[in-house]
Every structure is written in structure tokens, then in C-alpha cells.
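Reader: Please take one part of this model and describe it closely, strand by strand and contact by contact. Set it in its surroundings afterwards.

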Amino acid sequence: MEFTHYRSCNLCEAMCGLQIEVKNGSIQGFKGDPKDSFSRGHICPKGPELKSLYEDPDRIKFPLKRTESGWEEVSWVSVLSEIATKIVNIQSKYGNDSVGIYNGNPTVHNYGSMLFGQRFVSRIKTKNNFSATSVDQLPHQLLSYLMFGHQLLIPIPDIDRTQFFLILGGNPFASNGSLMSVPDVKKRLKSIQDRGGKYIVVDPRKTETAEHANEHIFIKPGTDVFFLLSIVHVIFKEKLTKPNPLVKEADLISIQSLVNEFNPETVSKITGIPKETIQRIALEFATAPSAVCYGRVGVSTQEFGALCQWLINTINTITGNLDKEGGAMFTLPAVDLVGEGSVIRSSPGSFNTYQSRVRKLPEFNDELPVSALAEEILTEGEGQIRCLVTSAGNPVLSTPNGKKLENALSSLDLMISFDFYLNETTKYAHYILPPTSALEHDHYDLIFNVFAIRNTARYNEPLFPPKEGMLHDWEIFTDLTKRIELKRSGKDLPEELIRTKLTPANIIDHALKSGPYGAKQNPDLQMSLELLKNSPHGVDLGPLKRSFPERLYTDDKKIQLFPNHLEKDLPRLKEKFQKHLIANQSLYPFLLIGRRHLRNNNSWMHNLPKLMSGKPRCTMMIHPDDANQLGIKNEEEVIVASKVGQLTIPIEITEELMKGVVSIPHGFGHNRTGTNQKIASQFSGVSINDLTDDQNLDEFSGNAAFSGVQVKIMKIKN
């Protein structure tokens with residue numbers, strides 16, 4: 001039997017439509033879906049590798065238990081009963097906070113895991129919740145919460161209609177957009193130029209995106225906050241602000257007073273950007289017919305990441321480009337996670353309502369910064385984490401100071417991992433609970449429709465049935481949650497799997513029908529799951545539309561342009577500003593940044609063979625002048641050391657890097673023993689997070705400060 005299966009790829013944020021040719025139960029080929037109005041036939045190398053993921057012989061399909069003689073396959077009922085009993089016993093003895101939970105970012109690519117995983121988290125009742133949010137996007141969500149009243153009111157660049165696009169620390173050619181879901185991004189950026197507009201990239205590295213930009217501007221890592229302050233300084237000085245009835249005059253006065261000292265001439269000495277360039281960029285942005293400023297991982301993961309995101313929102317607002325076509329706009333997805341009447345409305349957020357036990361770091365949305373995870377396991381006392389549950393994550397490779405975290409994981413009384421790989425993190429688990437893969441379950445994209453540059457909706461039905469005895473992640477969460485509840489109440493645990501009539505599809509159908517495009521709000525469309533099932537190429541809901549003040553969720557329905565929380569961080573900012581103005585020699589003279597490749601969205605994708613084809617990518621990029629000064633040659637291995645660790649890596653000499661800056665890609669380090677990812681181990685590389693420091697944070701938000709880690713480079717003596 002031959003047929004064509006349509007679905008969207010959920011391996012990154014872009015949600016590209018796929019056309020999959022199937023014959024006799026086997027995939028014959030992949031194409032981009034030309035009828036998908038969002039991705040427009042675009043496909044990147046990741047999409048076809050859904051087949052390799054489905055067929056991967058290393059993928060775990062049934063639960064494993066670690067024993068003295070190795071990993072043993074066990075039944076679902078027995079393992080879930082064992083785990084429930086042990087979790088309840090640990091919490092009874094040591095308190096609820098003795099259990100910690102870590103969610104990796106693949107969780108948000110799976111709506112079943114999101115919906116039912118959250119129910120599990122709520123039943124565990126621990127304050128020790130962690131996720132990849134605080135190594136990635138926490139500043140975005142925090143400032144949306146503080147300024148607009150909801151953590152998911154993330155401003156999205158209206159890339160299809162803008163005339164001036166300013167990108168800081170982002171590389172959408174590699175990411176397909178991040179907190180800006182944008183398939184076919186190359187053509188979309190080229191279209192800006194074709195219609196007479198321009199896009200500019202500010203980055204310590206001339207990235208793939210910067211290579212095709214109208215202009216690339218090098219900036220010293222970690223100084224973006226001063227560049228942005230200077231842009232605001234020029235806008236006020238040149239009287240280019242636009243009136244906005246949603247902005248309080250007092251906020252404008254406070255901001256103008258703050259930026260007075262950050263003039264282009266002084267800031268130039270810190271950032272390495274000529275004062276004339278800062279002045280020109282500010283004027284061009286403020287006078288463009290439409291413009292949008294966007295900052296991503298490179299600015300989020302530095303010591304002033306939250307202030308950077310505040311300033312980006314401020315620049316878009318004071319120039320009249322917030323909630324404006326061609327500026328920074330807000331989505332209205334079919335399942336609205338923001339609207340007050342939504343069936344599954346997410347929490348608006350919370351901040352600093354409690355702190356971590358050891359370092360007193362602030363919570364955000366009931367999560368603590370993941371940089372605190374290792375110390376919360378290793379530090380004895382009341383509230384110490386003794387049991388850890390990880391879901392779809394590999395924090396040993398993706399969070400700061402991976403060696404320290406390894407030490408912590410090895411000391412746990414109990415560790416459970418929801419994962420289908422034996423990787424650098426899950427090898428420390430006592431139990432591994434594997435869910436089905438993407439092609440074996442249905443999917444609706446709850447999160448990335450919130451971040452998309454256009455409102456669309458698409459539902460994916462499973463392509464293949466799972467093998468008998470396999471479970472979806474939501475089924476595992478459902479059963480385990482219920483067993484924990486039964487155990488707590490002193491009831492016997494059943495000898496069969498606990499099922500539920502409520503499915504992710506049931507929840508989504510209800511949310512679609514009652515949402516902004518359902519029968520009540522949009523009688524012509526009457527959005528429903530049935531409609532999406534009959535629309536294999538998705539449903540186009542149109543471009544982003546103006547939504548303020550209706551979708552503002554602040555108490556006074558005003559934009560909080562100068563949130564009160566900022567005041568506490570300003571002394572730290574000004575102190576750092578003065579330190580930058582004083583030249584000093586460091587024992588660690590180079591600044592380390594990460595990088596991303598189109599084929600490497602997550603560390604687990606390194607086990608998909610075609611994504612690892614081509615020349616080796618785990619190299620340390622360095623500028624030719626720096627290499628010459630050190631006396632090192634291309635592909636030569638060197639030792640790179642930071643305050644917390646060191647590693648050996650081959651160098652790649654390139655003028656892509658600013659002088660004094662080096663770059664190592666994220667997600668490698670598959671040279672640890674005890675894993676079972678054969679392809680990944682062939683391209684093991686080294687982990688940048690063996691150099692990053694869990695003590696380096698954006699103190700305001702608690703986000704990890706990866707960008708600009710100080711390192712030294714040593715030639716290996718023969």
C-alpha cells in the first residue's frame with residue numbers, strides 16, 4: 001500500500017510542513033509540503049531524520065531498571081509501582097522538596113508530555129522544579145511578565161512586513177528562528193532586502209545569518225546591554241520617541257535619566273562598536289517606516305540578559321514599533337494560552353515568591369534556576385534533593401558545569417528519567433521510562449504557535465502505531481501520578497496499567513472549539529480538531545494583528561516600561577560599566593561563546609547519522625591573529641581552560657570571530673562512558689559546559705550566563 005502522510009516537523013521551533021511518502025509500511029522519501037502556507041514547501045536537513053529517529057536501534061522502547069549486573073528490561077506495572085513507592089517513601093521521610101524535577105526543552109515539542117507532565121509535577125508538590133528555560137529564554141519570559149502581565153506575551157518580529165530588522169545574538173539561519181518560529185527564514189530575510197529594507201546582525205561572530213545581512217557588526221561578548229542603552233540614549237537625545245497612550249510619562253522620564261551616561265562615545269570603548277555606527281543604527285531604526293529589534297540566545301545568556309530583553313522591548317516601544325505591523329507583535333493562536341477565557345490558559349507567571357535553599361536564587365513561574373540544581377543535590381540539610389526526575393533532558397551537556405552535575409547525579413538515592421536514550425545524564429538513572437517517538441503519536445503544537453510569525457494551526461496524526469507494550473509519555477505520566485496518589489492514601493496498587501479516558505487530543509479539541517477561532521468567536525471557520533484532521537496542510541489564520549490594550553494583562557492595562565524590579569539591578573549595571581572602562585589584564589584573556597548548527601538543535605540529535613555528515617563541527621573557532629600570537633595552526637589540538645575546568649579540542653582558524661573571542665558549539669561531549677548512542681560517540685567532541693560556571697548568572701533573572709566565559713588557551717607541548 002502506498003500513501004502520502006502530511007505532518008509538521010517537531011524537531012525544532014519552525015514547524016515546517018512535511019510530505020512523507022510511505023510504501024508497504026516503510027518511509028520512501030521526505031519533501032517539504034508545498035501547500036503549507038506557513039513553511040511554503042521549505043524543509044531543512046532535520047525533517048527527514050524523523051525516519052532515522054523512528055528506526056534508531058539505540059532507541060529504548062521498554063522500561064529499564066539499573067541492577068548490579070547492568071540494565072534490565074522490566075514490565076511497566078512493576079516498574080511504575082516500584083517508582084511510586086520509592087518516591088512516596090522518600091517524601092514521607094525527607095519532605096516534598098526532597099524530590100527534584102528537571103524538564104528538557106524537547107518537552108515543549110510534545111503536547112502530551114506538556115499537558116500530562118504538568119499534572120505529575122503538581123502532584124509531586126516540590127519547590128525544586130528546574131527546566132531548560134533558565135539556560136535559554138528566562139529573560140524573555142520574565143520581562144514579558146513584568147512589562148505586559150503574562151510570561152507568554154512574547155513580542156514576535158513581524159518579519160514578513162518589516163523594513164528594518166536589528167538582530168542581536170541570534171542566528172535564525174541555523175535555528176529557523178528561536179522565540180520567533182519562522183520556517184523558510186532565508187527567503188523571508190531576503191524578502192526584506194528585496195522590498196528595499198535591510199537587516200543588520202550584531203554578534204561577536206559573523207554567523208551564517210550575518211554573512212547574508214546588509215551589515216554585520218562585531219560586539220564584545222557580554223556588552224550588548226551597553227550597546228542597547230546607547231541606542232536608547234540617542235533616540236531620546238534626538239527626540240525620536242513616539243507617543244504611546246499605554247506608556248506612563250514617569251517611566252519615560254526614568255529611562256531617559258538612566259541612559260544619560262551611556263553615550264555612544266563612552267559605550268564604544270566597551271563594546272568595540274564605533275560611536276558613529278551606534279549613532280547611525282539608532283537613527284536608522286527610529287526613522288524607518290517599520291522596524292523591529294530582536295535578541296536571542298547570545299543576549300539572554302549573559303550577566304545582564306534580563307536588562308537586554310527589557311531594553312529591546314523598550315526600543316521597540318519608544319520608537320512606535322511595538323504592537324505595530326512590521327514591528328514586534330503578538331500572536332493569537334488557535335489554542336490561546338494567554339487569554340483569560342482559555343480552557344488551558346497558562347500561568348501569567350510569578351517571580352521571586354521563594355528562593356533556592358543554598359544560594360537564595362529567585363523562582364520564576366514556580367521554577368528555580370537550573371544553575372542551582374547540582375548544589376541543591378550536593379548540599380546536605382533539610383530540603384536537600386535526594387530523588388530527581390528528568391524528562392527529555394540531558395543537563396550534563398546542556399547546563400553549566402556539567403562535571404559538577406555528574407558528581408551530584410551519582411550521589412542521588414533515586415533517579416528516574418523519561419527518555420528513550422541512554423545518554424550522559426540518564427546513565428545515572430535507576431529507572432529509564434521510554435516514551436514513543438514523534439512518528440508514533442499525534443501532536444498539536446501548543447507552544448511554538450505562541451511564538452510564530454504568523455497565526456496557523458495544524459494537527460499531526462501518528463504515522464506508525466507503536467509496538468505492543470510501548471507507552472506514550474502522557475500514558476506513563478498518568479499511570480505514575482495515579483500510583484503515587486494511591487500509595488499516599490494507603491491503597492493497594494493495581495496489577496494492571498492505569499488508563500484514562502482523557503487524552504491530549506480531547507483537551508485540544510475542547511480548547512480549539514472554545515478558543516478565538518471556535519464556533520462562538522468565529523462562526524465562519526468553527527475551529528475544531530475535526531477541522532484540522534480534514535486539513536492535512538494546516539489552516540492559515542492570517543498575519544499577526546494589533547492586540548493591545550485588549551491582550552495586556554497588567555493591573556492598569558498599561559505597558560510597565562520601567563518595572564519596579566529593575567531598580568535593584570541598576571547598581572550592578574553601573575558598577576560593571578565602570579569596571580569595563582578600566583583596562584585590566586586577565587589570567588583568562590579570551591572570551592568564549594557558543595554556537596549552533598542547522599543540523600544540531602539538541603544533543604540527542606547527534607545520534608541521527610545524516611545530521612552528523614560533513615566535516616567535524618566540534619572545533620574551537622579562533623581569529624587568525626590570535627592563532628598566530630599563540631603559535632598554533634589550523635586543526636591543531638589545544639587545551640582550553642576556565643575557572644572550573646579544561647578540555648582539549650582542535651582549532652578552526654577563521655575570520656568569522658572577533659579578535660579575543662573563541663567559539664565552541666553546544667551539545668557535544670559524548671565521550672563519557674556508560675552511554676549507548678553509537679553515532680553520537682563516533683562524533684563525541686567535547687562539552688562547552690565543562691568550561692561554563694554554574695556560579696555565573698544573570699543575578700536579576702537567575703538565567704545562566706554562558707556568553708563571554710573567560711578562558712585561556714594553551715599549546716600542547718610535544
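Author: In this predicted model, strand E6, residues 99-103, runs parallel to strand E16, residues 387-391, and five bridges hold the pair in register. Within that pairing, Gly100 has Leu388 of E16 opposite. Helix H3, residues 111-124, packs on the sheet to which these strands belong, and touches E6, E7 and E16. The direction of H3 makes about 165° with that of E6.

The sheet itself is open and has seven strands, in the order E5-E4-E18-E17-E16-E6-E7. Its pairing is mixed. At the edges stand E5 and strand E7 (129-131), each of which pairs on one side only. From one strand to the next the twist averages 20°.

The E5 end of the order can be followed pair by pair. Strand E4 (residues 64-67) and strand E5 (residues 70-73) run antiparallel and are joined by four bridges. The link between E4 and E5 is a hairpin of two residues. Two of the facing positions can be named: Thr67 of E4 lies opposite Gly70 in E5, and Lys65 lies opposite Glu72 in E5. Toward the other neighbour, E4 pairs with strand E18 (residues 431-433), again in the antiparallel sense, over two bridges. There Leu64 has Ile432 of E18 as its bridge partner. The antiparallel pairing of E4 with E5 and the parallel pairing of E6 with E16 both belong to this mixed sheet.

Helix H3 also has a helical neighbour. Its axis lies 8 Å from that of helix H17 (residues 473-488), and the two pack at an angle of about 15°. Angles under 35 degrees count as roughly parallel, and H3 and H17 are therefore roughly parallel to each other. Their crossing is left-handed. On the H3 side the contact is made by Gly112, Ser113, Phe116, Gly117, Arg119, Phe120, Arg123 and Ile124. On the H17 side the residues are Asp473, Trp474, Phe477, Thr478, Leu480, Thr481, Ile484, Glu485 and Arg488. By class, the residues of this contact divide into seven nonpolar, five polar and five charged. H3 thus has two sets of partners, the strands E6, E7 and E16 and the helix H17.

Another helix pair can be set beside this one. Helix H8 (residues 224-237) and helix H9 (residues 249-259) have axes that come within 9 Å and cross at roughly 115°. The range from 65 to 115 degrees counts as roughly perpendicular, and H8 and H9 are therefore described that way. The crossing of H8 and H9 is left-handed. H8 contributes Leu229, Val232, His233 and Phe236 to the contact, and H9 contributes Leu252, Ile255, Gln256, Leu258 and Val259. Seven residues of this contact are nonpolar, two are polar and none is charged. The contact of H3 with H17, by comparison, includes five charged residues.

There is also an open sheet of four strands, ordered E11-E10-E9-E12, and its pairing is parallel. Strand E11 (215-217) and strand E12 (292-295) are at its edges; each has a single partner strand, so one side of each is left without a neighbour in the sheet. Neighbouring strands here are turned by 15° against each other on average, direction ignored. One of the pairings is that of strand E10 (residues 198-202) with E11, parallel and over three bridges. Val202 is placed opposite Ile217 of E11.

As for the surroundings as a whole, the protein chain has 22 helices and 28 strands. Its radius of gyration is 25 Å, close to the 27 Å that the globule rule gives for 718 residues, so the chain is as compact as a globular protein of that length. The C-alpha trace spans about 75 × 75 × 50 Å along its principal axes.

Key. Residues numbered from 1 in each chain as written. Predicted model: local features only at pLDDT ≥ 70, side-chain atom pairs only at ≥ 80, totals over all residues. Heavy atoms only, no water. Pairing = 2+ DSSP bridges. Axes fitted to C-alpha atoms, helices over the stretch in contact; angles between N-to-C directions. Parallel < 35°, antiparallel > 145°, perpendicular 65-115°, else oblique. Left-handed = near helix turned anticlockwise from the far one by under 90°. Contact = heavy atoms within 4.5 Å. Nonpolar A, V, L, I, M, F, W, Y, C, P; charged D, E, K, R; others polar. Rg over C-alpha atoms; globule rule 2.2 N^0.38 Å.
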